[in-house]
Amino acid sequence: MATIVAVTILLASTLVAMTRGQGTMLTFRINEEEPAGTFVGSVADANLEGTSFRYTIIGTQTDFSLQDQTGNLYTMTKIDRDSKCKDAQSSTNGECVIELLVGAESGTFYATVTVKVVINDVNDNAPLFPSYTHELRIVEGTPRLTEFSIPRAVDTDYGSNGITKYEISPSHPSFGIRATKNLAGKFDVFIVVLDTIDRETEDTYQLEVFAIDGGGRRGGMTVNVIVTDINDNEPVFDRSNYTTTVEEGTARGTVILTIQATDKDIGDNGKVSYKIADGFTLTDFVLNSTSGEIYVDTDDLVYYPGVSYEFVVDAYDHGENFKQKQVYVYINILDTGNNHPQITLNVGNSGFVNISENKGLKQMVAAVTVEDPDTGLNGEVTCSTQESYFSVQKVDNSQFIVVVNSQLNREIIDMHTVNVTCTDNGDPPLSSSKTFLVRVTDENDNMPIFESKSYSAKIDENRQEEQMILKVSATDNDIGDNSKIHYKIVDNDKITVHSVTGVISAKPFFDRESTPVIVFEVLAIDSGAKPLTGTATVTLTIEDVNDNAPKFRQPSYSLEVLENLPSGTYVDQISATDLDIGVNGMFTFSLSSEYLESRLPFIVFENGEIQTNKALDRETRSSYMFDVVVQDQGSPPLDNSVKVTVIVKDVNDNKPNITFPIENNKTVSIYYPNNDLDVVAQVEAYDIDDGENKLLNYNILKGNDLGMFKIDQNTGTISIAKHDIKIDSDMDVTLQVEVNDKGDPVLKSHADLVVSVIYSNATYQDLSGEKDQLVVIVVVVVVVTAVFSAIIIGVIVLLRNWDRKKSLPDSTDKPETTEQGYSSVDKPSLFILNNAGESSTDYPSPYAEVTRKKKEVSFSLDEMDSGFQNMQLHVNLSPEPSKYAPEKPPRQESPDSTKDLYDKVTTRLETLRLQQMLMGTRARQHHPAPHPDDSRSESSGETSSGDSGRGASEEEVTSASPSTDDQKVFDYIVPSSSFSTSSQSHRPSPSKADSRSVAPPPIPHRTYRPYSSFNRNQTYTGNQDYSSDYGSNYQYLNDSNKPYRHSDIIDPSALSWQHAQPRSYSTKLNSVNIQSDFSFSPSQYRLHPRDDDDCSTTTSGSYTLHSIEDLL
């Protein structure tokens, strides 16, 4: 039960924590068409309760990416507002909003944040009409300010980027435009009539209408205004009235008069018919309603005196609201009691006259002869014709001619009926009529006319055979040869036309990319005497064929991207061109198939954008190379490829790595004060970043409270800053070292360096004031040393020769050998160590007298008036220790003689120690209270560096014997091979490898040299060969398994004289001579106080320490 309650409480608290984060909403705004990787906003701005949130997008999202740690939101692609939010303009506020839900998690706290991203519109689209042309029919006579609706343009942009106005450009005096927004926010566009429109004046108009958006982009449409006809014109007669006279008895059907009217309107509105006006009744005559002819409709036409026919004829059109016009017609009946004039036409037997349409005015057409037998007025005749194209001129009383009165045009009227009427002046006047035909002959006065002034056709490029593209046709209103047409192409050798049929063909072949459109002229030429030519323009469009592969704009691409950016980071966009058009010119980009399995960290989108699909690490890989393929959508598709190199740019994401000091190697030792010491240690570090990010600075943060050290910020070299800081004991100084790079942000690493400062009482002395004195002293010491050395060498040579003579057996005796095979006559020498740690032991060898130089120490002890106070120490140092290279067994004494030898040596050495102790005791009694600055020297209580008369000064004994702690300097080691069999029973038995005697190790001076004097790349290991200097066998000092490193400081105490063990029967093997790596300058240092003990200063008197043979 308790468990259930606990779980319930936990679930309730979790639910409360989750509910507490609900309802948070953030709104961000970005412009459309921003590149991928554009920062949108941070979800962290929601200020949720808690820290260290982890953010995730709930659901699928392809437009945005979210950094889970920071909450930063970035675009993944270019966002096109117009396609993303097609219905946004019809919404209430017109905003394009993309909404996503983000989860925020911090420990047990979980909340959701609703993020709304508003996509702001940019003016990237021009207005577009639904079609390029629009036909608008307007009836003529439409009242002013009448409006006609036309299609509106569409602009997918929003707000101020949408359409703001419409205009007609150039403006037109008869038309205007009006655009008003309706309640839906759309424009209603109207063409406004500004002036009276008359079709008979102009029947078509062309208006260029433009829609303009807020950014100045324009979209156009051509409005073709066609003026339709209305019946606004009435028929017009060619005369004001019609009058004619007809003889009585004229036969039925005789045409006596023709009424003619015309109408400017077209169609039914311009079609004219005739009728007798209402209110008039016509007898004896009939009116043809179509042709307007009036002819006799009776067989008995009788003249009645004073009677004539008078009536009104109506001419009307066929419009919906027809219009009509009236004219008076007068017909007189002629009494036949008078003779009619007799008319003779000189037109030939054919009954017609041929006349050219180019006949000039007043040119004669036909001759008319009139005869009237009457006399007087009845015999006077006048002739006329009603044909407007002709007139009758009188030549004399009986001769008349018909002449051209108006310009003839065969294409309008090719046959004229000329009615010549001759009337006398009788009462009533009598008339006669004759009719003849005038046939107008053709002249080549009309050029051929094509059915269309322009033609258009299409043909595929690269066609290999000749292909018909279209047929043209022209007509000529002329006739005969004047209308016979042949066709011809002007200046184009790839286009041919059939001269008769007008079929135009194209020869192979055309390249659309070089010539997309060919415009040429085709001629229609008639066959007249003077040929006339008509012209038409043909536009031949070359249709595209997919014959060009897409080409990249660059031969290769080198792109850059920063490391550590999130997946979906925009790298760059590559581009290509395709000379083809349409589908053939549309192409997409993709990663080459050979890299699909290589798991490249990049995505190539179809539009050429390259994005990362994971975060990059420059330190893992600094560059990538792959191929991108571009392929068009033609059939078959063509492709191309390009090499893309992406260089990963460095971000400062790696701290400097300190390789020294480190946890298991962070200590160095120095002696202080030491004016010659400069470099203490070298801080070593590296940074795997690149450029400025890998450049390092070094600083000491803590531990340098005394200001003893300084560090070079560029190299990391730690050196002594001050040589005058007073310390009175050893001390460890822990320096906290900081190494930072120069990147942004700066990254740092820290390490501790422990400097073991060993306090030394050696102080640097300025010898400049005593330079002359020192030179004299040095010269005296050198001369004295040389003299004494020569004396000592001479004595030693004499003694050794004497010793050899005494020890050599009879030449006939064979030397006795021991178990080891050594001669019993060979006797070992004693190891006597000088203050340099070198041995004076003599090992015989065949070439010892030539190449071997011993290092011996001699003491002469002479008591003066002050007892032991005047003991002098004379040291003769040979250049190098003796090398042991026996080529014959050494001499060997009997066991008893060896033991006696050991006892004798021990006795003499103990005597020497006792004498030295006595001298030290006496000196302390003589000087019970030494001066504090006398460095605890037993020889002087003064601070002067000169000789006090009681012993050598500190400057003169700096290389003297070591302190009481190192009194084993007087100890010795007897070669193991020289001991008797009985003596081997109470000491360890040496191994076979260690069976031969070896010189003891050299002892280095107590001088510190910082590690920088070493080759820092050298590691001192146990495998190094020192046998060239000290024989084939040697041993390591201290820890034989630990190699020396450049950061290890040699501790002189590790090489002290204590390695020479007193009265030890064990053989010292494998000594390493490292004296060449260290040096000591007595003029620059004082020894540490603890080393300035009783053994450091001797009183006057001298000791001479000889070899074992001499001691015996």
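**Exercise 1. Find the residue that stands opposite Thr344, then trace the strands around it.**

Step 1. Thr344 stands opposite Thr369 in strand 26. Strands are DSSP runs of E with at least two residues, helices are runs of H or I with at least four, and both are numbered from the N terminus.

Step 2. Strand 24 (residues 342-346) and strand 26 (residues 364-371) run antiparallel and are joined by 5 bridges. Two strands count as paired if DSSP finds at least two bridges between them.

Step 3. Strand 26 also pairs with strand 29 (residues 399-404), in the antiparallel sense, over 5 bridges. Here Thr369 stands opposite Gln399.

Step 4. One general point helps: strands of a sheet pair through backbone hydrogen bonds, either parallel or antiparallel.

A note on the model: it is predicted, so local features need pLDDT of at least 70 and side-chain atom pairs count only at pLDDT 80 or more, while totals for chains, interfaces and linings use all residues. Residues are numbered from 1 along each chain as its sequence is written, and side-chain values use heavy atoms, with hydrogens and water left out.

**Exercise 2. Work out the strand order of the open sheet that holds strand 4, and name its edges.**

Step 1. The sheet has 3 strands in the order 2-5-4, with antiparallel pairing.

Step 2. Strand 2 (39-42) and strand 4 (64-66) are the edge strands, each pairing on one side only. From one strand to the next, the twist averages 25 degrees (axes are lines fitted to C-alpha atoms, for helices over the stretch in contact, and angles run from 0 to 180 degrees between N-to-C directions).

Step 3. Strand 4 pairs with strand 5 (residues 72-75) over 3 bridges. Within this pairing, Ser65 has Tyr74 as its bridge partner.

**Exercise 3. Place Gly37 and list what it touches.**

Step 1. Gly37 lies in the loop between strand 1 (24-31) and strand 2.

Step 2. Its relative accessibility is 33%, so Gly37 counts as partly exposed (buried is under 20% relative accessible area, exposed over 50%, partly exposed in between, with a 1.4 Å probe and protein chains only).

Step 3. Beyond neighbours within four places in sequence, Gly37 is in contact with Tyr74, Thr75 and Tyr570. Contact means heavy atoms within 4.5 Å.

Step 4. Gly37 and Leu73 are 36 residues apart along the chain, and their C-alpha atoms are separated by 9.0 Å.

**Exercise 4. Identify the two partners of Ser719 in strand 56.**

Step 1. Strand 52 (residues 679-682) pairs with strand 56 (residues 717-720) in the antiparallel sense over 3 bridges. Val679 stands opposite Ser719.

Step 2. Strand 55 (residues 709-711) is joined to strand 56 by 3 bridges, also antiparallel. Lys710 has Ser719 as its bridge partner.

Step 3. Strands 55 and 56 form a hairpin with 5 residues between them. In the turn, Gly716 has a positive phi of about 80 degrees.

**Exercise 5. Is Asn697 buried or exposed, and what does it touch?**

Step 1. Asn697 is found in strand 54 (residues 696-702).

Step 2. Asn697 is buried because its relative accessible area is 19%.

Step 3. Not counting residues up to four places away in sequence, Asn697 touches Gln713, Asn714, Glu738, Val739, Asn740 and Lys742.

**Exercise 6. Describe the protein as a whole.**

Step 1. Count the elements: there are 7 helices and 61 strands.

Step 2. Check burial: buried residues make up 42% of the 1112 residues.

Step 3. Check the contacts: of those with a separation of 6 or more, 70% come from residues 24 or more positions apart.
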